[in-house]
Number of protein chains: 2
Amino acid sequence: MAARSVDVPALVAAARAGSPRAVARLISLVEDAHPALREVMAALAPHTGHAHVIGLTGSPGVGKSTSTTTMVGAFRARGKRVGILAVDPSSPFSGGALLGDRVRMQDHVLDPEVYIRSMASRGHLGGLSWTTPQALRVLDAAGCDVILVETVGVGQSEVEVAGLADTTIVLLAPGMGDGIQAAKAGILEIGDLFVVNKADRDGADATVRDLRHMISLGDRTEPGLWRPPVVKTVAARGEGLDDVMEAVDKHVEWLSSSSALRQRRLARAGTEIEAIAMAALRSRIASLRHDESLDRLAADVVDGRSDPYAAADQVVAALT
Amino acid sequence: MAARSVDVPALVAAARAGSPRAVARLISLVEDAHPALREVMAALAPHTGHAHVIGLTGSPGVGKSTSTTTMVGAFRARGKRVGILAVDPSSPFSGGALLGDRVRMQDHVLDPEVYIRSMASRGHLGGLSWTTPQALRVLDAAGCDVILVETVGVGQSEVEVAGLADTTIVLLAPGMGDGIQAAKAGILEIGDLFVVNKADRDGADATVRDLRHMISLGDRTEPGLWRPPVVKTVAARGEGLDDVMEAVDKHVEWLSSSSALRQRRLARAGTEIEAIAMAALRSRIASLRHDESLDRLAADVVDGRSDPYAAADQVVAALT
């Protein structure tokens, strides 16, 4: 195939020099699983590890976009370069819906120190695919100090976003999810910081109390461990933003002073390596399908001459 | 480890002779991923391929359990041995919830020619795990003529149940899903037969009309291809059951007279082999984690000395 050739060194240099077009092009290469990706990732590697990744998740309607926007403003006021990755785990399409929504984001759209990207992520594996960590590498190498990964909390995506982030913020709204629902959804385990947004509504204090109670029942009360704070905000009016930023700063401090940051990043890299290795092995199996040897094995199983384990042994033997 | 030893030949012989306890024990071995499974599957292989697998899916509340029960009754009236696998893709637990619900199933619980099993299936891969096809092999080798796999339509599970079944029945109810919603959910492509249950409710005819219209827009109108019928039922009163059975019979006939049945089963066996091979490879990667070589690679990536692709190459090389 005549894949459009890519001048990787030039593109990476341009991204590092602050070209939003180069950054956008690199993320498109990630989304397209372009053959040049290997070279891209190798070129980016020495420049990664600087950005602090903040994951932001919550059910639809809790105010994720508004909260993200106010946080971006706060980081910009500190002179930080900010990347925003809006990941929609329920959509097979990129670009459209999420960015369309975020009228408020227009404050930042023209700011050259802010990169905004909306990604679809429903890959073979469901949920956040392994393209998301690669997009994070692009933004990281492009000099972002902070990257906000915003994702709708659906199914497993919250847990996955926590796997990607250094700091995970879980947003809730009064009456939408009390402590028990949070516990059921498994979000108590993943949040480093809980934000009860729309705190001017009835029931906000009850939600905060429930969350604090549920957190106190968890096993994160040992000294030295991080105990997730619960903060109230009214993001649409900027209320509580200072408290959120203070809590994030404290978490960053805790991460750096403990071994937690390195542990999280090692786990993240391990998962990413594993996913790429598995994808490589899967494509080798697909080539067996192509040359019909998998079909022959399948016929043996259907006709009762073999069983799936014996056939799988042959597949593994053919690969290794 | 001192795994409880299993007398596989005796167990398989007992299952083939019609012992429900032996069947239950074999399916438990599947659920536990017991080391004896390989031997079990090898012993079952020559006895598989007889059962016709019917997948039954639909949103919560459309009447899946009731419909399954009436169909079981119809197959029993024909003297068929029937297996029922109720798979709950949303639950990590086996046995409890689904069977607890199905009070109506008690008509069949004491029937020695009916095997009922409730399985959790949320595995590493999400949705229906690869334990389901193995449980199907057990029921098949145990002499079931028909196996009904019932699963709640959540996320990808409908598509997955279609991959397992010879005949896929999609249940809808009036007002719960019209044709357009069905198209969005991707169920138009997977249904071999659509059943609009609770057809005594308002809107049933409109739902039927919508579905027929959407089906007519599909690409399954060529001669020789199967065009999915749409049938109305009121399962709770047994209405429409004859029509469902007639449609199933016609589909079975079409599958056998075309190459479709073999194609579906080859595809199913191929997927199963692939899943087992991938699991074997994944566990080899896990052993790399255990001996710390994956940790070293992850550290290289975190420190920018390597990138995930180069590290993944080393993982693949270590396996092969």
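By what turn and what shift along the axis can chain B be laid on chain A? This is a predicted model. In it, a turn of 180° and a shift of 0.1 Å along the axis lay chain B on chain A, with an RMSD of 0.2 Å. The two copies are therefore related as by a two-fold rotation axis. In chain B, B:Thr320 has the C-alpha nearest that axis, at 1.9 Å. Both copies use the same surface: 100% of the contact residues of chain B recur in chain A.

**The contact**

Chain A gives 45 residues to the contact, and chain B gives 45 residues. On the side of chain B that touches chain A, four named helices give two or more residues: α3, α13, α14 and α15. Their spans are in the table.

| Element of chain B | Residues |
|---|---|
| α3 | 37–44 |
| α13 | 260–290 |
| α14 | 293–302 |
| α15 | 308–319 |

Which element gives the largest share of this side? That is α13(B), with 15 residues. By residue type, the side of chain B that touches chain A holds 28 nonpolar residues, 9 polar and 8 charged.

**The single chain**

Chain A has 15 helices and 7 strands. How much of chain A counts as buried? Of its 320 residues, 48% do. Contacts in chain A also span the sequence. Among those between residues at least 6 apart, 75% join residues at least 24 apart.

Methods
Residues are numbered from 1 along each chain as its sequence is written. Chains are lettered from A and ligands numbered from 1 in the order in which they are written. This is a predicted model: local features need pLDDT of at least 70, side-chain atom pairs count only at pLDDT 80 or more; totals for chains, interfaces and linings use all residues. Two residues are in contact if their C-beta atoms, placed from the backbone, lie within 7 Å. Ala, Val, Leu, Ile, Met, Phe, Trp, Tyr, Cys and Pro count as nonpolar, Asp, Glu, Lys and Arg as charged, and the others, Gly among them, as polar. A residue is buried if 20 or more other C-beta atoms lie within 10 Å of its own, exposed if 12 or fewer, and partly exposed in between; C-beta atoms are placed from the backbone. Copies are superposed by least squares on the C-alpha atoms of residues with pLDDT of at least 70 in both.
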